[in-house]
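Have your viewer ready, with side chains switched on. We will hop from one selection to the next and look at what sits at each stop.

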Amino acid sequence: MAGGDPIVGSLYVYAPNRVAPVFFTTAYALSAIGHIWQCRRYNSWKLVGLHPLCAVMFTVGYALREYGSFNYIYDENNATILITFIMSQVFIFVCPPLLELANYHVLGRIFYYVPHLPPVPPNRVLTTFGALMALIEFLNSLGVSLSANPSSSHSQQELGKNMSLAALILQLIIIASFVALAGIFHRRCIKTNIHAKAVLTPLYTLYTSMALILIRCIYRLVEHTGNTNVDLDNLESLRQLSPILRYEWYFYIFEATLMLLNSVLWNVWHPGRYLPEKHNIHLARDGVTEIEGEEQKDQRSLLLKLLSVLTFGLLFRKKTQRGSFEELQEYRGLARRSETN
């Protein structure tokens with residue numbers, strides 16, 4: 001790892017390590033393969049499709065960083081070096097908010113599975129937090145693009161830094177909201193004596209995942225509150241930068257490693273193993289019996305489904321009918337299986 005000695009002209013501030021990107025490119029690629037296989041195995045693309053997407057994006061990001069480890073001196077006459085650096089930063093930094101959104105998708109599916117206990121309607125989880133995540137992704141991607149580009153003016157770099165900082169603060173607020181929602185739901189499960197593995201295992205996995213994302217957000221927040229004004233041609237100015245920017249090991253521990261652990265976490269405890277594939281499968285009030293309600297067919301075209309995904313579920317949503325959970329009151333419907341523990 002870089003020893004904290006800045007190098008004039010380096011887009012990374014230091015001379016980047018050439019071995020670490022190879023390890024993380026390989027590790028994320030293996031995790032991506034695992035996610036793709038699991039999504040096919042459990043038909044869970046809608047549930048956790050963001051995980052294979054982010055794993056692939058991480059793989060590309062660290063592969064580009066490996067290229068950058070050999071080509072890191074800024075050259076105005078070589079646009080490839082700068083474009084590669086910016087794309088690497090964007091691919092790596094935009095994924096954590098998407099992974100957080102994936103967690104809210106899983107939480108929403110848990111709420112669908114136990115619809116009589118959630119503090120908010122299940123369909124509101126993804127739409128509400130999808131809107132907030134769309135805003136975070138906009139601020140994050142544009143902020144990184146501006147702040148990471150040495151050809152940007154000082155005011156543009158400051159704007160990029162502030163946009164990234166705003167995205168991080170908003171992300172921390174949303175994480176706190178997640179803990180509140182999941183905590184209330186979990187407490188209600190305990191009070192009603194629901195201990196189904198299909199509920200508790202994804203919940204504990206969500207808690208762990210959000211803890212990893214939270215640590216990563218705090219790291220990024222601390223990074224942005226220090227001296228981040230990078231002047232590639234001024235060695236003394238580079239030496240005054242925050243240690244988080246001058247020492248590469250911070251990045252690999254609090255960014256690369258934490259997000260890799262998060263990706264592997266969902267490989268090991270994939271929610272498709274525990275939660276039913278269909279939204280109309282609900283856990284009855286006894287905490288044991290599964291009830292299959294009336295299935296609502298998705299009449300949307302493939303284009304509308306794709307547009308719904310690209311807009312974080314804000315637009316072109318599937319129309320749902322009220323009263324879909326009424327069968328839980330008297331156990332009407334078909335008991336899918338009698339034991340979920």
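Start by selecting Arg220, which counts as buried at 5% relative accessibility; buried means under 20% relative accessible area, exposed over 50%, and partly exposed in between, with a 1.4 Å probe and protein chains only. What you have open is a predicted model, in which local features need pLDDT of at least 70 and side-chain atom pairs count only at pLDDT 80 or more, while totals for chains, interfaces and linings use all residues. Residues are numbered from 1 along each chain as its sequence is written, and side-chain values use heavy atoms, with hydrogens and water left out.

**Stop 1: the salt-bridge network**

Add Glu255 to the selection: its side chain meets that of Arg220 in a salt bridge, 3.0 Å from N to O. The term stands for a side-chain nitrogen of Lys or Arg within 4 Å of a carboxyl oxygen of Asp or Glu. The pair links distant parts of the chain, with Arg220 in helix H8 and Glu255 in helix H11, 35 residues apart. Helices here are DSSP runs (H or I, at least four residues), as are strands (E, at least two), and they are numbered from the N terminus.

How buried is Glu255? Its relative accessible area is 0%, so Glu255 is buried. Salt bridges with shared partners join Arg216, Arg220, Glu223 and Glu255 into one network, so show these four together.

Now look at Arg216, which forms a salt bridge with Glu255, the closest N and O atoms being 2.9 Å apart. Because Glu255 lies in helix H11 and Arg216 in helix H8, this pair ties together parts that are 39 residues apart in sequence. Arg216 is buried, as is Glu255.

From Glu223, step across to Pro243: the two are 20 residues apart in sequence and 8.6 Å apart in space, C-alpha to C-alpha. Pro243 belongs to helix H10 (residues 243–246), and at 38% relative accessibility this proline counts as partly exposed.

**Stop 2: Arg65 and its partners**

The model holds 5 salt bridges by the same rule. Select Glu248 and Arg65 for another one, at 3.1 Å from N to O. Glu248 lies in helix H11 and Arg65 in helix H3, so the pair ties together parts that are 183 residues apart in sequence. Both residues are buried.

Keep Arg65 on screen and add Phe251. Arg65 lies over the face of Phe251, at 4.2 Å from the ring centre; for a charge to sit over a ring, NZ of Lys or CZ of Arg must be within 6 Å of the ring centre and within 35 degrees of the ring normal.

**Stop 3: aromatic rings**

Which residues do ring pairs link into a cluster? Select Phe23, Phe24, Tyr28, Phe58, Tyr62, Phe251 and Tyr252 to see it. Rings of Phe, Tyr and Trp (its six-membered ring) pair if their centres lie within 6.5 Å; planes under 30 degrees apart count as stacked, over 60 as edge-to-face and the rest as tilted. The count by this rule is 17 aromatic pairs.

One of the pairs is Tyr219 with Phe254: the ring centres are 5.6 Å apart and the planes at 25°, so the pair is stacked. Tyr219 lies in helix H8 (residues 197–225) and Phe254 in helix H11 (residues 248–268), so these rings tie together parts that are 35 residues apart in sequence. Tyr219 is buried at a relative accessible area of 6%, whereas Phe254 is partly exposed at 27%.

Then turn to Phe251 and Tyr252, whose centres are 5.0 Å apart with planes at 75°, so the pair is edge-to-face. Both of these residues are buried.

**Stop 4: two loops**

Most residues other than glycine have a negative phi, and most peptide bonds are trans. Asn43 is not a glycine, yet has a positive phi of about 50°. Find Asn43 in the loop between helix H1 (20–42) and helix H2 (45–48), partly exposed at 45% relative accessibility.

Asn193 has a positive phi too, about 65°, without being a glycine. Look for Asn193 in the loop between helix H7 (154–191) and H8; at 54% relative accessibility, Asn193 counts as exposed.
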